[in-house]
Amino acid sequence: MTYPDFLKCVFLEECDSTNSYVKQNYEMLSKDLPVLVSSTAQSLGRGRDQRIWVSLKNKGLYSSFAFTLRKDFNFNLLPLISGIAVIETLKVITGIEMVLKWPNDILWENKKISGILIENIISENTIFCIAGIGINLNYTVDDFHEDLKDKITSIKMITGEMIEPKKVNPLLAGFFFHWLEKLEAGNDKKIIHLANRYSHPFRGEKISFHPIGEKRKIMGIFKGINHDGGLILEIRRLAGRIHKIYYSGEINN
Ligand code: BTN
């Protein structure tokens, strides 16, 4: 498998975080986009909500795609296409179809195998986007802190096989840019259809939802993903059930 020929690749032995590397080298990298920055280890891997992303050498894939998007694209679909690209990559490697937990966590048997951190720099007409993707490849249960042991998995833990990050990266890049092209072509329906298919195991399930920037958690039933990438949550009120749409936040279970 080879990388898309339009993609510039930067491979690092170690860095603090591939997303941070893109930001620190923004001037230089933005001259030749799109770029993939991948590192065999991260000393300060970052997750969403200021969390740490465990990033031991060659135990995971730590990659960031940097590219620009016009401002008129539906930005809510970016997490979804990243998640879809990871699911399709893992399906080729393991033969298993994993689950999308809206907006962009990837689970297997309710344990997280991949997480995505999207960051952007907004200018006049364009958005400079960084899609940082972490996939647990060769971790064993002992690599994780006690609190995480029953919440996280890896390809090695699922299949028993070791896999090199350099085998996964080109596949991921291929799927990622395939879906980015679809997004740019306005193929939103296809993206939403797939995101709903991959998050199907959550449909009808009771979830605890944490809207971003708020302290409260909302209990509701996951009803799917709407036409522009929002989470549809069914909530009980005295007057009956209502459907609310959320565009940012996190499902906690
Ligand atoms: C999450 O689920 O909280 C998001 C995790 C994102 C981790 C990846 S690894 C590559 C890139 N660099 C980082 O520091 N974070 C992302």
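Two strands count as paired if DSSP finds at least two bridges between them. In this predicted model, strand 9 (residues 218–225) and strand 10 (residues 231–237) meet that condition, pairing in the antiparallel sense over 4 bridges. Within this pairing, isoleucine 225 stands opposite leucine 231 in strand 10.

**The sheet**

Strands 9 and 10 belong to an open sheet of 5 strands, arranged in the order 11-10-9-8-12 with antiparallel pairing. Strand 11 (240–246) and strand 12 (249–251) stand at the edges; each has a single partner strand, so one side of each is left without a neighbour in the sheet. From one strand to the next, the twist averages 45°.

**The helix pair**

Two packed helices are described by the angle between their axes and the distance between the axes. The axes of helix 3 (residues 77–94) and helix 6 (residues 188–198) come within 10 Å and cross at roughly 60°. Helix 3 is therefore oblique to helix 6, a class that takes in angles outside the roughly parallel, perpendicular and antiparallel ranges. Helix 3 passes helix 6 in a left-handed crossing. The residues that make the contact are listed below by helix.

| Helix | Residues in the contact |
|---|---|
| Helix 3 | Leu77, Leu80, Ile81, Ile84, Ile87, Glu88 and Lys91 |
| Helix 6 | Asp188, Ile191, Ile192, Leu194, Ala195, Arg197 and Tyr198 |

The residues of this contact divide into 10 nonpolar and 4 charged, with no polar ones. Among the charged residues are Glu88 and Lys91 of helix 3, and Asp188 and Arg197 of helix 6.

Conventions. Residues numbered from 1 in each chain as written. Predicted model: local features only at pLDDT ≥ 70, side-chain atom pairs only at ≥ 80, totals over all residues. Heavy atoms only, no water. Helix = DSSP H or I, 4+ residues; strand = E, 2+ residues; numbered from the N terminus. Axes fitted to C-alpha atoms, helices over the stretch in contact; angles between N-to-C directions. Parallel < 35°, antiparallel > 145°, perpendicular 65-115°, else oblique. Left-handed = near helix turned anticlockwise from the far one by under 90°. Contact = heavy atoms within 4.5 Å.
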